[in-house]
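Please open the model in your viewer and keep the sequence panel visible beside it. The tour below proposes one selection after another and states what may be found at each stop.

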Amino acid sequence: MRGQAPKGRSSGLPTTSGGKCFQLWALGLFCTERHLAKRLKNNSFYPFTQQQPNVFVLEYYLDTLWKGALLFVVCLFLVSFGLVSQVLKQETWGFPACGVGVGLWLMISSLPRRRLVLNHTRGTYHFSIQGRTVCQGPMHLVYVRLALSSDAYGSCFFQLVLCGHKLEPLVLVQLSERYEQTEYLGRHIARKLNINYFDYLATSYRHVVRHWPLGATFSPGIVQRKTGPSGKRISQQDLDV
């Protein structure tokens, strides 16, 4: 019949399937650069999906939804059967009762679905919760960031985070000791999504800035590359910041 869309194609814009709204939960459980690399092989725009050229969409639920549900069920079970009502003759039923309230609050606050759209055609991003606009702005306010943390023994760990103005930080890689692999994945994601990438140092030649604020002519955080190829391994002195 004429006017009928070809089989296997949708006549309108594709939408994000329900299962993909929970894809970031797996990263919360297996936040390693190897797990992220496997996801990128299946979808080069991960964690986004490309709806049309230069338009990327990410729909998700916060992982506090399942964490709150787990806390609620466990504490409700303890309260219902009085398993921890007393410890050493001390009344302790208030602790699981408080856990029931906290778990319920986490579930309710995490139920609304989040939606982040990167629209390079318009040069803006749009973030909404359950269909209500939270913020929208120019593309330079969304970026991939490599964050650094250390423990009491001086060991350094790196996080790969998707950040933005009034956006909830989304951790893509958590507590990795492999700087080169994590940096490569971050630069790859930023390049595929056409957004900015920032190293863990405030001033670094490893920053990749694709979008600048309107009227910006100079940024003190961007310096010229003075060392060898980007494949050079980072020294321990560079990590001690």
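Is leucine 40 buried or exposed? In this predicted model, leucine 40 is buried, because its relative accessible area is 8% and a residue counts as buried under 20%.

**Stop 1: the whole chain**

Before zooming in, display the entire chain, which holds six helices and eleven strands. Of its 241 residues, 37% are buried. Next, consider contacts between residues at least 6 apart in sequence: 51% of these join residues at least 24 apart.

**Stop 2: leucine 40 and its surroundings**

Select residues 33-42, which form helix H2, and find leucine 40 within this helix. Then display the residues that touch it. Apart from neighbours within four places in sequence, leucine 40 is in contact with Tyr46, Leu185, His188 and Ile189. Histidine 188 deserves a separate look: it is 148 residues away from leucine 40 in sequence, yet the two C-alpha atoms are 9.3 Å apart in space.

**Stop 3: helices H2 and H5**

Keep H2 on display and add helix H5, residues 179-193. The axes of these two helices, H2 and H5, come within 10 Å and cross at roughly 30 degrees. An angle under 35 degrees counts as roughly parallel, and H2 and H5 are therefore described in that way. The crossing of H2 past H5 is left-handed.

Now show the side chains at this contact. From H2, select Glu33, Leu36, Ala37 and Leu40; they meet Gln181, Thr182, Leu185, His188 and Ile189 of H5. Sorted by class, the contact of H2 with H5 comprises five nonpolar residues, three polar residues and one charged residue.

**Stop 4: the sheet beneath H5**

Which strands does H5 lie across? Select E8 (142-150), E9, E10 and E11: helix H5 lies across these strands, and its direction is at about 165 degrees to that of E8. The four strands form an open sheet in the order E10-E9-E8-E11, with mixed pairing. At its edges are E10 (170-176) and E11 (196-198), each of which pairs on one side only. On average, neighbouring strands in this sheet are turned by 15 degrees against each other, direction ignored.

Within the sheet, select E9, residues 156-164. Eight of the nine residues of E9 are buried. Its pairing can be followed on each side:

- With E8, strand E9 pairs in the antiparallel sense over nine bridges. Tyrosine 143 stands opposite cysteine 163 in E9.
- With E10, strand E9 is joined by four bridges, and the two run antiparallel. Leucine 162 has leucine 170 in E10 as its bridge partner, and leucine 160 stands opposite valine 173 in E10.

Two turns complete this stop. E8 and E9 form a hairpin with five residues between them, and glycine 154 in that turn has a positive phi of about 90 degrees. E9 and E10 also form a hairpin with five residues between them; here lysine 166 in the turn has a positive phi of about 60 degrees.

**Stop 5: helices H3 and H4**

Hide the sheet and select residues 64-81 for H3 and residues 94-110 for H4. How far apart are the axes of H3 and H4? They lie 7 Å apart, and the helices pack at an angle of about 155 degrees. That angle makes H3 roughly antiparallel to H4, because the term applies to angles over 145 degrees. H3 passes H4 in a left-handed crossing.

Show the side chains where the two helices meet. Among the residues that H3 contributes are Leu65, Leu71 and Phe72, while those from H4 include Val100, Leu104 and Met107. The contact of H3 with H4 contains 15 nonpolar, five polar and no charged residues.

**Stop 6: the five-stranded sheet**

Finally, display the open sheet of five strands, ordered E1-E2-E5-E6-E7 with antiparallel pairing. E1 (49-52) and E7 (132-138) stand at the edges; each has a single partner strand, so one side of each is left without a neighbour in the sheet. Neighbouring strands here are turned by 20 degrees against each other on average, direction ignored.

As the last selection, take E5 (residues 114-119) and E6 (residues 124-129), which pair in the antiparallel sense over six bridges. Arginine 114 stands opposite isoleucine 129 in E6.

Conventions. Residues are numbered from 1 along each chain as its sequence is written. This is a predicted model: local features need pLDDT of at least 70, side-chain atom pairs count only at pLDDT 80 or more; totals for chains, interfaces and linings use all residues. Side-chain values use heavy atoms; hydrogens and water are left out. Two strands pair if DSSP finds at least two bridges between them. Axes are lines fitted to C-alpha atoms, for helices over the stretch in contact, and angles run from 0 to 180 degrees between N-to-C directions. Contact means heavy atoms within 4.5 Å. Angles under 35 degrees count as roughly parallel, over 145 as roughly antiparallel, 65 to 115 as roughly perpendicular and the rest as oblique. A crossing is left-handed if the near helix is turned anticlockwise from the far one by less than a right angle, and right-handed if clockwise. Ala, Val, Leu, Ile, Met, Phe, Trp, Tyr, Cys and Pro count as nonpolar, Asp, Glu, Lys and Arg as charged, and the others, Gly among them, as polar. Buried means under 20% relative accessible area, exposed over 50%, partly exposed in between (1.4 Å probe, protein chains only).
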